[in-house]
Amino acid sequence: MSAIALDADGIEAPPDDAAAVAAPVLDFSGTVRFDPARVMEGEVSEGEGAPASARCAALLTDHSFGDVARFFADRATAWRAAVETIRLHHRTAGRPKRREIVVVSDDPRLPPALAQDSGVRRIPEDEAAIEAAMGPNVAALLLAPASIDAGLRFLPGFLLATARQAADEYGVVLTFDETDSGLGRTGMAFAHEWRGVAPDVMVIDGLPGEAEGGEGASALVLSARLARSLPSGLPLLDEDAAAGLLLALSAAFAPGFETRVQEMGWKLEDRLATLRWRRPDLFTDTTGTGLVQGLVCAGPAAPLAEALAGQGLLARPLGNVLAMLPPLTVTEVEIAAAGDILDAVVAAFPPA
């Protein structure tokens, strides 16, 4: 097989379609959120007869903090809608100078859709940095409660609580990016629910469903207070694409789905923990929640990921973390099979 490529930021990416001619038996790389074969049309019943986009919005608001949800065909439009809503909210309230979006992240990269906005800046993931950043020009704080591409990072509850307190005290908009962890991947509908801190605005991109460009649909969820400033005229996801998204949302919010994800996550975590203790020379720790799991390797994870792919298991190497991100519809049998492949491949690795 071909070597795993690095993107512009030095993060190993899963093989592209051209390299996947001999498709792996098990895809635990996170590229598939739901196995389409297990998300059937018959599972969709609530709100039957209403447009698919309206049913999607109802599902999302019924299972989140939000009062209003909108869906877009690409992430750039969703982020633009979020930023314009936040800035218009402040202009309407008589605070036109409040345009700055403060991204709280130790990852030096800004969200691609915001990187060219001169009104966006980054600060470290630190309570004191959040307090120091507050000023008359700040419109919003943006945080990702959980992040995959940055190496399976989960923000602590005290940091989210500090951001919520600062947002309330200084009148700024608390915004969460739930792209990596939304729709139950951590075992809760959204990662921030584990911390008990709710935002005012939430963006989720890369959602299932056929959207133009193949990058997936994107959602913007807002409280009623912010929704009044939602700009009109933005291109929304068409009904055909919304119908595809509806299948995934119906599965994600079905009764018992979160509990099942947690149970599958525990089984995967147990297999990884056993392997970590069996080979302390190769692995220094495990990390993760729900079906976001990973092995912290003593060195780069890419060689192990390549060996696994050769045996039919596709994982995602993130620096020194071997991320295991199965579809949310993964079965116990598939987790056991993935564990067996891991055991066999790791057993063949020489001592570090």
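Start at Phe-283. In this predicted model, Phe-283 sits opposite Cys-297, a residue of strand 12.

Now widen the view. Strand 11 covers residues 283-289, and strand 12 covers residues 292-297. The two pair in the antiparallel sense, over 6 bridges. How many residues lie between them in the hairpin? The answer is 2. Look at Gly-290 in that turn: its phi is positive, about 60 degrees.

Next, the sheet. The hairpin strands belong to an open sheet of 4 strands, with antiparallel pairing. Read the order as 11-12-15-14. Which strands stand at the edges? Strand 11 and strand 14, residues 316-318. Each has a single partner strand, so one side of each has no neighbour in the sheet. From one strand to the next, the twist averages 25 degrees. A general reminder: strands of a sheet pair through backbone hydrogen bonds.

Then the helices. Helix 7, residues 257-278, lies across strand 11, strand 12 and strand 15. Strand 15 is residues 321-324. Helix 7 runs at about 10 degrees to strand 12. Helix 8, residues 302-310, lies across strand 11, strand 14 and strand 15. What angle does helix 8 make with strand 15? About 40 degrees.

Terms used. Residues numbered from 1 in each chain as written. Predicted model: local features only at pLDDT ≥ 70, side-chain atom pairs only at ≥ 80, totals over all residues. Heavy atoms only, no water. Pairing = 2+ DSSP bridges. Axes fitted to C-alpha atoms, helices over the stretch in contact; angles between N-to-C directions. Contact = heavy atoms within 4.5 Å.
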